[in-house]
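Student: Could you help me learn to read a few features of a protein model?
Tutor: Gladly, let's take a look together.

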Amino acid sequence: FYPEGGSLVHGISSLVAVKAEDGYGSGIAVSGSVLSSAGDTVSRFSCDSLGMGLFALLPIAGQSYQAVVDLPGGDRVRHDVFQLPSALSKGLALQVRQTDSVIHATIRAAAISDSTVSLVLKHTGKTVLSQPLVLKEAQLTFRISTAALPEGISAITIYDNGGKPECERLVYIHHPDNKSVINISTNKKTYQPKEQVTVNIQTQPNANLSMAVVDAGIVPEQADDIVS
């Protein structure tokens, strides 16, 4: 169970991601209910064939939470109980939503005395954006344009006034109009078994690439790419 931003906080509604795996690390389709220590059902979730699901939870002080999950078990369904991460009595929660060109981020605070925080966005470990923020209320919403941000995975981290990270969220930024020009050619059209192959790749400087070589008679050509 992965609360968005890193932690559950009392009195703040958060999204919780679910990853269900078997003993071999493969995703499994499961469903379950989230129960409070008082016995109330507060949420439900289901995971797809990759074992990925999502639910919302508003943790209340004095309550703990567990998930009762229906697991496939041959001819019958098995019910197992899993404890959810404990919620913090005070802290910050981060929620991020993306549109085509804007990142919408919301910071929610609970029982925080220091209202000054910092937002830092990093890409490949380098700071791309750093901005101080003042939490005048329990919630602050802001927008980040993705036009000037580098393509790929970036981390949005919220730090307190002492430089301690309070919450973090990874985002994937894609610029569909920024098409990389890549030309690939080989020195021959066909080859004998174990014959050396020379591949020429032409692209822009400092490109970050990976390549896989497969048997075309066994592995069909795939239309999907790393973005999809």
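What follows is a short talk through a sheet, a core and a surface patch in this predicted model.

Student: Let's start with the open sheet of four strands. What is the order of its strands?
Tutor: Reading across the sheet, the order is S11-S10-S13-S14, and the pairing is antiparallel. The edges are strand S11 (126-134) and strand S14 (165-173), each of which pairs on one side only. From one strand to the next, the twist averages 20°.

Student: How many bridges join strand S13 to S14?
Tutor: Eight bridges connect S13 (residues 152-159) with S14, and the two strands run antiparallel. As an example you can find on screen, Ile153 has Tyr172 in S14 as its bridge partner.

Student: Now the interior. Which residues have the most contacts inside the largest nonpolar core?
Tutor: The general idea is that in soluble globular proteins, nonpolar side chains tend to be buried together. Here the largest nonpolar core has 20 residues, and those with the most contacts inside it are Leu92, Leu94, Ile103, Ile107, Ile156 and Ile158. Strands supplying at least two residues each include S8 (91-98), S10 (116-123) and S12 (139-145), along with S13 and S14. Strand S9 gives the most to this core, with four residues.

Student: And which residues form the nonpolar patch on the surface?
Tutor: Ile182, Ile184, Val197, Val199, Ile201, Leu209, Met211 and Val213 form that patch, and together they have about 740 Å² of accessible area.

Student: Is Met211 buried or exposed?
Tutor: Met211 counts as exposed because its relative accessible area is 57%, and the cut-off for exposed is over 50%. You will find Met211 in the segment after strand S16 (199-202).

Technical notes. Residues numbered from 1 in each chain as written. Predicted model: local features only at pLDDT ≥ 70, side-chain atom pairs only at ≥ 80, totals over all residues. Heavy atoms only, no water. Pairing = 2+ DSSP bridges. Axes fitted to C-alpha atoms, helices over the stretch in contact; angles between N-to-C directions. Patch = residues over 30% accessible without salt bridge, like charges linked within 9 Å, V, L, I, M, F, W, Y side chains within 5 Å. Areas by Shrake-Rupley, 256 points an atom, 1.4 Å probe, with all protein chains shown as cover. Salt bridge = Lys/Arg side-chain N within 4 Å of Asp/Glu carboxyl O. Buried < 20%, exposed > 50% of the residue type's maximum accessible area, 1.4 Å probe, protein only. Core = buried A, V, L, I, M, F, W, Y, C linked by side-chain atoms within 4.5 Å.
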